[in-house]
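Please open the model in a viewer with residue selection enabled. The tour below proceeds stop by stop, stating what to select and what is to be found there.

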Amino acid sequence: MQALILAAGDGTRLKPLTETKPKPILPVADTTPILHNLSQLPREIKEVILVVKPNDKMIRKEISTNYKAKKIKYVEQKVQRGTGDAAMQAKKYLKDKFLMMMGDDLYDKSDIKNLIKKCPCIAVKTVYNPSSFGVVETKGENVVSFVEKPKKPKSNLANTGLYFLDKKIFKYKIKRCIERGECEITDSIIEIMKEYGLYYYKIKKWMPISYSWNLLDANEFLLRKISRKILGTVEKNATIKGKVYIEKGTVIKSGSYIEGPCYIGKNCDIGPNCYIRQATTIRDNCHIGNACEIKNSIIGKNTKVPHLSYVADSVIGESCNLGSGTITANLRHDGANVFSMIKGSLVDTGRRKFGTVLGDNVKTGINTLIYPGRKIWPKKTTIPGESVKKDID
């Protein structure tokens, strides 16, 4: 059996992180979305076809041509024309029945095993905000209607972007879709439903990653699964509490207090006297210095938070340098949800606590204060004492 993974999207709603890195390989815990999904594929799947952008090097470097005995084949989508067009690029390599998934959401092995028992089948999940998704209405064991982002949803079952299909999917609407410049796979799945019928399976574990704050949800989700393992050095008078995974070469200095679940990568320098709180990931070669507090955040590789800084509910890119006294404000005075600017419009994050998103190679001046939900683009800087009230792009 084969798997088809779509990984050529632009990830515009995840900017500034996707300015320098494809969405499927953004860091979450000790992995990336696409590596996590590959690890969840059952033994029955022997070959994986990955649809990527032209001349993509980062995803190819991350995965190579084999993954745990599964052969990896790369197919390019030269122009971004939607998920249907992306799937079309792989048509000639697909043999018959295949699993299809998005490369940037998180799926679970047990759900996949149950999904591939019937074909064609779509994976759905109950959500609290169905109008943000494709909504599926069911009767018995079949799908009876499928509507993209309806204003008045007829159910709370969302399409998760995980399917078990066969090559009949390619005979519907492809020509018309391409003529109008866009082709979504859901157009063809609706036609399959009408002519042949469509099964559904309610999955238990699915983590969509559409916005930067979803990375924090995914990070926490994966950190719950880690075990306590300390491969680095922990100095006297440092406290490690709960499920904390510390990689080789990392030093936890005296006075540091770390609460799990938490993941700390290789060759990091942590402390002294810092506080690393739950649901935090610190990737390789980072330095977290004296009197810093990090909470529920992702810190990218080679980033320095040297001293007297507070980072909470935030995503920090690679090779950033936060000046002394940098503070990420993560809670509004009125306690309402934090909004963040996405493609020119304010979007409700759905979170009462959300800090900042910094792209790669950002540098902040000392005593920088970043308002909740504000973002800073790669290679941008702030001046000493600056209050970041709007995105710096």
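Is cysteine 121 buried or exposed? Select cysteine 121 to begin: with a relative accessibility of 3%, this residue counts as buried. The model is a predicted one, and this applies to every stop that follows.

**Stop 1: the cysteines**

Keep cysteine 121 selected and add cysteine 119, whose sulfur is the closest cysteine sulfur to that of cysteine 121. The separation is 8.3 Å, too far for a bond. Next, select cysteine 320 together with cysteine 286, which holds the cysteine sulfur closest to that of cysteine 320. Here the distance is 9.4 Å, again too far for a bond. Cysteine 320 is buried, at 2% relative accessibility. With a cut-off of 2.5 Å between sulfur atoms, the count of disulfides is zero.

**Stop 2: cis peptide bonds**

Return to cysteine 119 and display the backbone towards proline 120. The peptide bond joining cysteine 119 and proline 120 is cis, with omega about -5 degrees. Proline 120 is placed in the loop between H4 and E7.

Then move to glycine 271 and proline 272. The peptide bond from glycine 271 to proline 272 is also cis, and its omega is near 5 degrees. Proline 272 belongs to the loop between strand E20 (269–270) and strand E21 (275–276).

**Stop 3: a salt bridge between two loops**

Which residue forms a salt bridge with lysine 118? Select glutamate 141: the closest N and O atoms of glutamate 141 and lysine 118 are 2.8 Å apart. Glutamate 141 sits in the loop between strand E8 (134–139) and strand E9 (142–148), while lysine 118 sits in the loop between helix H4 (109–115) and strand E7 (121–126). The pair thereby links distant parts of the chain, 23 residues apart. Both partners are partly exposed: glutamate 141 has a relative accessible area of 42%, and lysine 118 has a relative accessibility of 37%.

**Stop 4: towards the start of the chain**

Select lysine 53 and aspartate 10, which form a salt bridge with 2.7 Å between the closest N and O atoms. Lysine 53 is in the loop between strand E2 (47–52) and helix H2 (58–63), and aspartate 10 is in the loop between strand E1 (2–6) and helix H1 (33–40), so this pair ties together parts that are 43 residues apart in sequence. Lysine 53 is partly exposed, with a relative accessible area of 32%. Aspartate 10 likewise counts as partly exposed, at 37% relative accessibility.

**Stop 5: a salt-bridge network**

Select Asp217, Lys295, Asp313 and Arg351, which are linked in a network of salt bridges. Within this selection, examine aspartate 313 and arginine 351, whose side chains meet in a salt bridge of 3.9 Å, N to O. Aspartate 313 lies in the loop between strand E27 (310–312) and strand E28 (315–316), and arginine 351 lies in the loop between E32 and strand E33 (357–358), so the contact ties together parts 38 residues apart in sequence. Aspartate 313 is buried, at 2% relative accessibility; arginine 351 also counts as buried, at 15%. To place these pairs in context, a search of the whole structure finds 17 salt bridges.

**Stop 6: the hairpin of E31 and E32**

From arginine 351, step back along the chain to strand E31 (residues 339–342) and strand E32 (residues 345–348), which pair in the antiparallel sense over four bridges. Which residue of E32 is the bridge partner of serine 340? Selecting valine 347 shows that partner. Two residues lie between the strands of this hairpin, and lysine 343 takes a positive phi near 50 degrees.

**Stop 7: positive phi elsewhere**

Finally, select serine 64, which is not a glycine but has a positive phi of about 70 degrees. Serine 64 is found in the loop between H2 and strand E3 (66–67) and is partly exposed, with a relative accessible area of 41%. Then select lysine 68, another residue that is not a glycine, with a positive phi of about 50 degrees. Lysine 68 is placed in the loop between E3 and strand E4 (70–76). With a relative accessible area of 65%, lysine 68 is exposed.

Note on methods: Residues are numbered from 1 along each chain as its sequence is written. This is a predicted model: local features need pLDDT of at least 70, side-chain atom pairs count only at pLDDT 80 or more; totals for chains, interfaces and linings use all residues. Side-chain values use heavy atoms; hydrogens and water are left out. Two strands pair if DSSP finds at least two bridges between them. A salt bridge is a side-chain nitrogen of Lys or Arg within 4 Å of a carboxyl oxygen of Asp or Glu. Buried means under 20% relative accessible area, exposed over 50%, partly exposed in between (1.4 Å probe, protein chains only).
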